[in-house]
Amino acid sequence: MTLLGQFALWAALLLGLWCVAISFSGRWQGRPELSASVVRSVYAVCGALVVASLSLWTGLINHDFNIEYVAAYTSRNLPSYYTFSAFWAGQKGSLLFWAVVLSLFASAAQLLTPRRYADLMPHVAGVTTAVVVFFVCVMLFAANPFERLGFTPADGRGLNPQLQNVGMVIHPPMLYLGYISITIPFAFAVAALLSRRLDTGWIHAIRKWTLVSWLFLAIGITLGMWWAYVELGWGGYWAWDPVENASLLPWLTMTAFLHSVMIQEKRGMLKRWNLGLIVGTFLLSIFGTFITRSGVIASVHSFTQSNVGYFFLGFLAVAGVLSFTLLYTRWPALEAEVRLESILSREAAFLFNNLLFVGIAFSVLWGTLFPILSELVRGTKITVGPPFFNRVNVPLGLLLLALTGIGPLIAWRKASAANLKRQFVGPVSTGVVTLAVLLALGARDFYALMALSLAGFVAGTIVQEFYRGVRARRRMHGESAPLAFGRLVARNRRRYGGYVVHLAVLIYFVAFSGMAFRREMEATLKPGESVELASPFGHIYRLTHQGISQYETLNRIVSAATVSVTKDGKPAGLITSEKRQHVDSFKRPTFEPSTEVGIRSGLQEDLYIVFAGSVQGTEEAVYRFNVNPLVWWLWFGGFVLAFGAVLTMWPGGGPLAPAPARAQAGYEVTLVGAAPK
Amino acid sequence: MSDIHSRRGFFRVLGAGALIPLGAAPAQVQDSLAGRGDVGTLRDPAAAGRPRQPTRSVDDNAEIQAIEQRLACSCGCTLDIFTCRTTDFTCTYSPQLHTEVVALHQSGKTAREILDAFVLKYGEKALMAPKPAGFNLMGYLVPGAAIATAGAALLLLLGRRKAAVARAGGAAPAAEPPASNASPEELERLRRALAEVDD
């Protein structure tokens, strides 16, 4: 199968080069057969990469340990779903995964894009295939997943225990889908620049692609937090690790784009900015890949250090120079159609929102690269960890949260004083009341107080927007409240889906603020011994060590330490935390023992138990106990965010759809007394 | 790992078991009764990770934990000493660094002095965040300064445009409204309805 895989990679390279050459030479213009050939070669490249992927999967499933990649990441006793997911567990496999998914997206873009954008599509094909060709080149010349060993080991090394988690099966593909699909909006942006079709057409063509990409990244990041929380065992979910930061960067700039693109659609402004954001987002996705794969910055998530980093650095430089040069050459054609009329307008609020999103992205990038800068300038190695990022970014995040509430309250074009007063009274009151209640309850952490009060303000904004919309429909149509609510949302999914996403964002912030109140303790307990731990909500947990049991299962020896829990004197069940010694099929240890956390999750707080080890091989256990408030809301926020994003991109109902009977986006206004439609 | 996992080892243990007189207690007993009797020994201690020492009160000292959260572990994990020693139980660096922090703390040094001692011994990379002084100040100030500058520039630009519009004699001409057959009363109701939703 490796021969077939190698052949498929070379076929993909040759077909891709043909596609790129014809596309960028422009020879397809006026020659429909060449134009069709460019598009068909996208499908052909995709076919070749699917064959290569199936070849690697066959090698993995058949335990062909003569393939270096299969021997390095699997073993005979690895559960089949992890054998399957080992495809993207290592550097080489994940490059192939990236290439095949990008080629699938490129094919889907060709198939699904309406015909009115047909003249953009050969350019889109060229750009997407150029990126695919780059990945194929990296595989063929630096990190070939089909490389064979000079011998065949009896068993493979197995998968890193921390990757043997259901999060590993879902989180990386989601993140990759987000990273990879950014290429499609980028390709459309470049196509618009190349073809000089710089109206809002390309923006309409990519709107859903951008949302899909943004959603996948958001889900990937949230799943990454969940995986870190349940698997790594340090009690948190975000450590400002360079690789975590790298995933956040394109998400931030894409979120900025999703806001600023509305200004271009509604007012014909910010064309240059939007193109810059899309190009920047793509470059950040490649930069993230460079960080993850080059080993240039220390990270717990990095792949093995290899020379593929140079490929990515070169590609990043070439893509950056070409894209921005192209943007520069089209600069005069990207003049805004209208000017901003007032600082007190939604356009201005969106501008400041963009400033903050891009500013936070810059701040995260700056912090991530600052150790390198310090070493270059001063020759001194420094560590830039969570205290630095929290100090710099938490205030910016709070400002952004405030703007999440302010933006929807300000009218387009120009807001009057009366309008501002009417809009702000409710939400501001909600925020102030939230602050007062928290102070009365004894909360004193400044940032947590600010986050929760602003969350109250944003919640007030969202509720007010829904309430006013429903009230307007009820007055105009005499509908019942649930019907008015349903129709309000259905008639403008983009707007109200956006509010649902805002709701998710405030839920995230509430969850983040909870960690300011976390409690933790270490304890060594003999069987039957107990400790008490008070939670920030005033609950008292009594934790009694029950003992350690050891047993063997498929690919590991498990040492399970069990704790019985009472909460405020009432039994609350048993929690088990484990040490796992993974072994190969010959029972030889493969990795250092890993830890599995025990978690009792609730709406208020999580009880988080880590079995640190046994005292000199006895049943006396060392534990770390954490009470982490409001963590459940983070995962719930992820669901709300996904729901809001899907609602936003659900077909129909948008303001761009032909709706002649609609007087204003989102509201079907019928004049009282007029004949029903 | 115990050799009971190999066939030969299994028969050896079985054979040895047959020689144990009835009623004699085995050398290793796993305690299954919580809170009763002696603490049992694990069947395979190596599988439960690095042997641990019982937690001391200094391990749980909030002041020491706070100091350790500001110091980086030198094992390459990118975590602070406290997080590493309570998470990566295979790390041999963080327990050693913890011992150093405890020793310094017990010798009466303040948190600042302990941090300085670590910087002196391991270099600036021992701190989880660089000291906000000298070149490092750039690290803290550049993002905020960049955003503030961009924000000020944006405000200035908007102010200038507003002034230019005012000089030109009012707001930019609005697009011609589409012709409507509605009566003034109907238009007023529409205006009120739109004001209600205020998009």
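## Salt bridges and interfaces in a two-chain model

Let's start with one pair: A:Lys92 and A:Glu68 join their side chains in a salt bridge, with N to O at 2.9 Å. A:Lys92 sits in helix 5 (residues 91-112) of chain A and A:Glu68 in helix 3 (residues 68-73) of chain A, so this pair ties together parts that are 24 residues apart in sequence. Keep in mind that this is a predicted model.

How buried or exposed are the two partners? A:Lys92 is buried, because its relative accessible area of 15% falls under the 20% cut-off. A:Glu68, at 24% relative accessibility, counts as partly exposed.

A:Lys92 has another partner too: its side chain meets that of A:Glu147 in a salt bridge (3.0 Å, N to O). Here A:Glu147 comes from the loop between helix 6 and helix 7 of chain A, while A:Lys92 is in helix 5, so the parts tied together are 55 residues apart in sequence. A:Glu147 is partly exposed, with a relative accessible area of 39%.

Chain B offers an example of its own, with B:Lys121 and B:Glu100 meeting in a salt bridge (3.2 Å, N to O). B:Lys121 belongs to helix 5 (residues 111-122) of chain B and B:Glu100 to helix 4 (residues 93-106) of chain B, so the pair links parts that are 21 residues apart in sequence. B:Lys121 counts as exposed at 54% relative accessibility, whereas B:Glu100 counts as buried at 17%. Back in chain A, shared partners join A:Glu68, A:Lys92 and A:Glu147 into one network of salt bridges. Over all chains, the count comes to 25 salt bridges.

Here are some of these salt bridges side by side, including one that links the chains.

| Salt bridge | N to O distance |
|---|---|
| A:Lys92 and A:Glu68 | 2.9 Å |
| A:Glu147 and A:Lys92 | 3.0 Å |
| B:Lys121 and B:Glu100 | 3.2 Å |
| A:Glu522 and B:Arg85 | 2.9 Å |

Now for the place where the chains meet. The size of an interface is often given as the accessible area lost when the parts come together. Between chain A and chain B that buried area is about 7200 Å², with 62% of it from carbon and sulfur atoms. Chain A brings 93 residues to the contact and chain B brings 71 residues. The interface holds 2 salt bridges and 17 residue pairs in polar contact. On chain A's side, helix 13 (residues 346-378) gives the largest share, 16 residues. Sorted by class, that side has 45 nonpolar, 25 polar and 23 charged residues.

What about chain B by itself? Its secondary structure comes to 7 helices and 0 strands, and buried residues make up 31% of its 199 residues.

Chain A also has an interface inside it, since the domain assignment gives domain 1 (1-164) and domain 2 (520-633). The contact draws on 13 residues from domain 1 and 12 residues from domain 2. Together the two domains of chain A bury about 1000 Å². A:Asn77, A:Arg157 and A:Pro161 supply 54% of the area that domain 1 buries against domain 2, more than any other three residues. How many salt bridges cross between these domains? The count is 0, but 5 residue pairs are in polar contact there.

One last residue to look up is A:Asn165, in the loop between helix 6 (121-141) and helix 7 (166-181) of chain A. A:Asn165 counts as buried at 8% relative accessibility, and its side chain makes a polar contact with the side chain of A:Glu231 (2.9 Å). Among the other residues A:Asn165 touches are A:Tyr82, A:Trp226 and A:Trp227.

Definitions and conventions: Residues numbered from 1 in each chain as written. Chains lettered and ligands numbered in written order. Predicted model: local features only at pLDDT ≥ 70, side-chain atom pairs only at ≥ 80, totals over all residues. Heavy atoms only, no water. Domains from an automatic or database assignment. Contact = heavy atoms within 4.5 Å. Buried area = accessible area lost by both parts, 1.4 Å probe. Salt bridge = Lys/Arg side-chain N within 4 Å of Asp/Glu carboxyl O. Polar contact = N/O pair within 3.5 Å; in protein donor to acceptor, adjacent residues only side chain to side chain. Helix = DSSP H or I, 4+ residues; strand = E, 2+ residues; numbered from the N terminus. Nonpolar A, V, L, I, M, F, W, Y, C, P; charged D, E, K, R; others polar. Buried < 20%, exposed > 50% of the residue type's maximum accessible area, 1.4 Å probe, protein only. Lists of a residue's contacts leave out its neighbours within four places in sequence.
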